[in-house]
Each structure stands twice: as C-alpha cells, then as structure tokens.
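Biologist: Thanks for sitting down with me. Could you walk me through a few local details of this model?

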Amino acid sequence: MRTRRSMDDFSDADVAWLMDRAAAHREGSASRVVPPPVVGLLFLETSLRTRLGFSAAAARLGGWPLPVFEQRHSAISMDESVAHTVRALSGYCDVIVTRLPVPLNSDVLPLRPRCPILSGGDRGPAGEHPTQALIDLFALRNDLGGAAGRSVVVVGDPRMRSVVSLCRLLVRQGVGEIRVLTVPGLLAGRQPPGGVADRVRAVFDWSDAAGADFLYVAGIPHEAVSLEDRDRLRLTPERLAGLGEGCVVTSPLPVIDEIDEESWADPRLRAFEHSDDALFVRMALLELVLGAAG
Ligand code: CP
C-alpha cells in the first residue's frame, strides 16, 4: 500500500485533480468514496488543524475518524513500536493519516500495511508537510488565480516542514520568485528548502518584502531565535503598510507571536479563511488516496 510522505509523492496530475476536487467540495460536491471511509488518525505529535481537519473531512465524506494519540504502554511495559501500531491500525481503516515526531520511513512503517498512509507532517532532516502545502496552493489559486509568476515571500524559519513542502510545490507550479525573510541565525549551515536553491533568495529586511503577491508567515519554533530576532520578524501594522493592497497574507498556523494582535484586523490577512478552506483540500486528499481519481 502506498505511502505519501513528501511533495514528491504527488504527481502534477494529482495536484491538478486535488485542486479541482477541493473546489468542487467547496461548492458542495458529493463524496466519491464508496463505501464511506474509516480514516485512522495516528497523531503522536501535537496538532490541532491537521488532526481535526482530517477528522472533519472523514465525517463530511460520510465516514468515520479512528483516532490514536499514543503508543500502547503501561508502567510495566515499553511502548509498542510505531510500526506495530501502524500495522494494527491499518487492519481497521481504509487510510491512515499520520503526524509523527520522526521521519515517516521504513524504520517506522510495517512491512505490509493494509491501507494507504498519508503524512500530516513528519520530522527529521527531510521532514515535510505536503498536505499543508496543497492547502496553501488552494489559497493561492482561490485568491490570486494560482502560483504561476507570483512573488512569494516566506517570513520566519525556512527549515519549517511546511516551508520545505511549499517551496517544492511552488517551483513545480511555476512561481515567479520566492524570497525568505529571515534572520541569519536561522540560515546557518542550512541549505535552502527542498532542493530549490536557485529559486529561493534569503532577505533580511522588511523592505525586501515589498512587491510580494503572497506573504506566508511560516512561524518560528520556540527559542529558535533571540527575542530581538523574533521582534525583527513579527508582522505588525507598520510592516503590513509596506505591502501592496493586493497582497494576500497567510500562515499555516498556529501563530503564537509571529503576527502582532493588531494586524489581524487587516483584511489582507486571511489565515483563518484559508484554514476553513483546508477542509475541502483534506476531503479531496482522502478521496485521492482512496482511489477516487481513477
Ligand atoms: N498547520 C498545521 O499543520 O497545524 P497543526 O499543527 O495544528 O496541525
């Protein structure tokens, strides 16, 4: 059974189909999954949107979520392995969505899972979050007509798994340029995300965000930078004023302090609307991995 961990696990045809199906779900299209799916949710790392979003998507397709939030353990036994947990869950589900604190690779997968596995984010040097990137592309499509030719500015930590997957997807979609507005400390010893070095340019001042069509506030892990550097990267009303009227501002969320509270009143900031629309992308993703694309 197929595992989709990385953006590479989605063909261009898959991406096009997903965008069209998500748009159809937004208009109320009926589920193409028969019988209604049982969707395993193996979330061994914290999540709000991905966990609830796929749970809601399962329900909207007429199916059921089957959540597992910890490995079996007790005071007198070690944790059951992730591979055995996946294998057992796969016997009861049509698809498993995972969020793991480790790479989703052969070390944690059973030899023969009985259903497809879809990553909701993994960790490690090659960690990715492809379903989030597809949600971000859907936002670009709805608000700006697509990624082709657009100027995208990513603010924050370019090592975030959502940034890695998004940059890889944007390059495939013919994005005009990607600037990463960050601080030198978050670049030290790092390669630009996703092997797209020639298309990603690091910048260090908010004046370099001017002309952006799509500003993506990626977030900064707790204690990854000094408080001064967090301040340097925070979106404020003054910094929003330097962006064009047509700029769309978003974030995969959560946002802790990366966006100033006062900035949320700006109608260009559409992170929660995009989070709402993510439901339709997740419905389409479940349909895709369950074979509805034919
Ligand atoms: N965007 C995203 O992955 O959010 P969660 O961590 O809440 O799932």
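Modeller: Happy to, and keep in mind that this is a predicted model. Let me begin with a rule: a charge sits over a ring if NZ of Lys or CZ of Arg is within 6 Å of the ring centre and within 35 degrees of the ring normal.

Biologist: Over which ring does the charged end of Arg4 sit?

Modeller: The rule asks for a charge within 6 Å of the ring centre. For Arg4 the distance to the centre is 5.2 Å. The ring beneath its charged end belongs to Phe10.

Biologist: And how far is Arg51 from the ring centre of Phe69?

Modeller: Arg51 lies over the face of the Phe69 ring. The distance to the ring centre is 5.0 Å.

Biologist: What kind of aromatic pair do Trp264 and Phe272 form?

Modeller: The count comes to one aromatic pair. Trp264 and Phe272 form an aromatic pair with centres 5.4 Å apart and 45° between the planes. Planes under 30 degrees apart would count as stacked and over 60 as edge-to-face, so the pair is tilted.

Biologist: Is His274 buried or exposed?

Modeller: His274 is in helix 8, which spans residues 271-289. Leaving aside residues up to four places away in sequence, His274 touches Ile135, Ala139, Asp143, Val248 and Thr250. Its relative accessible area is 6%, and buried means under 20%, so His274 is buried.

Biologist: Staying with helix 8, how is helix 1 oriented to helix 8?

Modeller: The axes of helix 1 (residues 12-26) and helix 8 come within 8 Å and cross at roughly 125°. That angle falls outside 65 to 115 and is not over 145, which means helix 1 is oblique to helix 8. Among the residues that meet there are Trp17 and Arg21 in helix 1, with Phe280 and Leu285 in helix 8. As for handedness, helix 1 passes helix 8 in a crossing that is right-handed.

Biologist: Which residue does a cis peptide bond join to Val34?

Modeller: The omega of this bond is about -5°. The partner is in the loop between helix 1 and strand 2. Val34 is joined to Pro35.

Biologist: Is Leu253 buried or exposed?

Modeller: Leu253 is found in the loop between strand 10 and helix 8, and its peptide bond to Pro254 is cis, with omega near 10°. Phi of Leu253 is positive, near 65°, though this residue is not glycine. With a relative accessible area of 11%, under the 20% limit, Leu253 is therefore buried.

Notes: Residues are numbered from 1 along each chain as its sequence is written. This is a predicted model: local features need pLDDT of at least 70, side-chain atom pairs count only at pLDDT 80 or more; totals for chains, interfaces and linings use all residues. Side-chain values use heavy atoms; hydrogens and water are left out. Helices (H or I, at least four residues) and strands (E, at least two) are DSSP runs, numbered from the N terminus. Buried means under 20% relative accessible area, exposed over 50%, partly exposed in between (1.4 Å probe, protein chains only). Contact means heavy atoms within 4.5 Å. Rings of Phe, Tyr and Trp (its six-membered ring) pair if their centres lie within 6.5 Å; planes under 30 degrees apart count as stacked, over 60 as edge-to-face and the rest as tilted. Axes are lines fitted to C-alpha atoms, for helices over the stretch in contact, and angles run from 0 to 180 degrees between N-to-C directions. Angles under 35 degrees count as roughly parallel, over 145 as roughly antiparallel, 65 to 115 as roughly perpendicular and the rest as oblique. A crossing is left-handed if the near helix is turned anticlockwise from the far one by less than a right angle, and right-handed if clockwise.
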